[in-house]
Amino acid sequence: MKKTLLLGMLLTGSLIGSALATTVAEVKKKGTLVLGTDPQFQPFEFTNDKGEIVGFDIDIARAIAKDLGVKLEIQNVGFGQLMPGSVTSKRVDMAISGITITDERAKIVSFSKPYFTSAQVFIAKNGNPRKLGWPLNSLKGRTIGVQSNTTGFYFADENLKKLGATLKVYDDFASGLSDVQNGRIDAIVGDKPTVDYLKKARAGQFVQAGKDLVSEDYGIAFAKNSDLAQAANRTLDRLKKSGEYQKLIEKWIVAK
Ligand code: ARG
């Protein structure tokens with residue numbers, strides 16, 4: 001009995017020990033870089049027909065792991081559980097998930113340099129039947145969808161509510177999109193690359209309504225002050241210099 005307990009404690013101890021490794025030296029020692037991502041964000045991270053998590057972000061994560069000389073392990077983590085959550089409690093070594101760099105988030109995680117410029121936009125049904133646009137001075141009587149814990153949510157909460165909009169919060173983006181489709185909500189606030197992707201993948205179903213709401217940059221998130229952020233920056237520089245970054249843009253963003 002005592003032995004089992006001790007063994008259990010030792011096992012848990014060593015497991016936690018390795019899970020808490022979030023420095024370059026520790027990642028190299030365990031031979032694995034653990035990535036947390038929410039694969040519901042085409043074309044940055046999503047599950048393909050074979051059940052594999054793939055996308056632009058995943059290829060960048062693979063390049064970082066390769067430069068460190070370690071394997072990449074991918075963990076599926078809900079967007080709202082990344083920060084605070086898996087990254088801050090060091091259950092993962094990094095998160096790449098189309099994460100917008102914000103001052104609030106930068107208080108609790110360390111970001112790589114920006115690797116992609118994006119924006120928040122209104123995504124409406126094709127043809128924009130409710131004539132939604134931006135800028136608007138009134139959103140009275142409109143219902144706007146947002147995904148919880150995203151910058152789309154923060155923007156809407158701060159700016160759209162006071163213009164009279166009612167917000168409908170979704171945990172997963174796909175449910176919000178189907179509500180746009182069936183007319184239950186007027187539009188959903190989402191990232192611009194999503195609408196560009198939908199225009200091709202689900203042609204004739206969705207459009208961007210009006211101008212960009214706010215522009216933003218994506219960054220890779222690490223535990224505060226982890227030297228892995230600098231390692232990621234070196235990989236980003238290498239990918240940009242060698243032309244591989246541009247190839248990834250063409251593979252995932254332009255072609256898809
Ligand atoms: N860019 C937005 C944010 O940082 C949304 C990202 C959603 N990403 C995802 N993998 N679901 O809040």
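**Two domains and a ligand**

User: Where does the ligand lie with respect to domain 1 and domain 2?
Analyst: This is a predicted model. Domain 1 covers 7–115 + 219–253 and domain 2 covers 119–216. Both domains give residues to the shell around the ligand, so the ligand lies between them.

User: Which residues surround the ligand, and how many in that shell are charged?
Analyst: Happy to list them: the ligand is surrounded by D38, Q40, F41, E45, F79, S97, G98, I99, T100, T150, T151 and D191. Sorted by class, this shell holds three nonpolar and six polar residues. The charged residues in the shell number three.

User: How many residues of domain 2 are in contact with domain 1?
Analyst: Let's start with the centres of the two domains, which are 28 Å apart when taken over C-alpha atoms. On the domain 1 side, nine residues take part in the contact. By class, that side has three nonpolar, six polar and no charged residues. On the domain 2 side, the number in contact is twelve.

User: What is the span of helix α3 from its first C-alpha to its last?
Analyst: Helix α3 takes in residues 56–68, which is 13 residues. At 1.5 Å a residue, 18 Å is expected, and the helix comes close to that. Its reach is 19 Å.

User: Which residues of α3 are buried, and which residue follows the helix?
Analyst: A residue is buried if 20 or more other C-beta atoms lie within 10 Å of its own. In α3 the buried residues are F56, D57, I58, I60, A61, A63, I64, A65 and L68. After the helix comes a residue with a positive phi, near 75°, and that residue is G69.

Notes:
Residues are numbered from 1 along each chain as its sequence is written. This is a predicted model: local features need pLDDT of at least 70, side-chain atom pairs count only at pLDDT 80 or more; totals for chains, interfaces and linings use all residues. Domain bounds come from an automatic or database domain assignment. Two residues are in contact if their C-beta atoms, placed from the backbone, lie within 7 Å. Ala, Val, Leu, Ile, Met, Phe, Trp, Tyr, Cys and Pro count as nonpolar, Asp, Glu, Lys and Arg as charged, and the others, Gly among them, as polar. A residue is near a molecule or strand if its C-beta atom, placed from the backbone, lies within 6 Å of it. Helices (H or I, at least four residues) and strands (E, at least two) are DSSP runs, numbered from the N terminus. The expected span of a helix is 1.5 Å times one less than its number of residues. A residue is buried if 20 or more other C-beta atoms lie within 10 Å of its own, exposed if 12 or fewer, and partly exposed in between; C-beta atoms are placed from the backbone.
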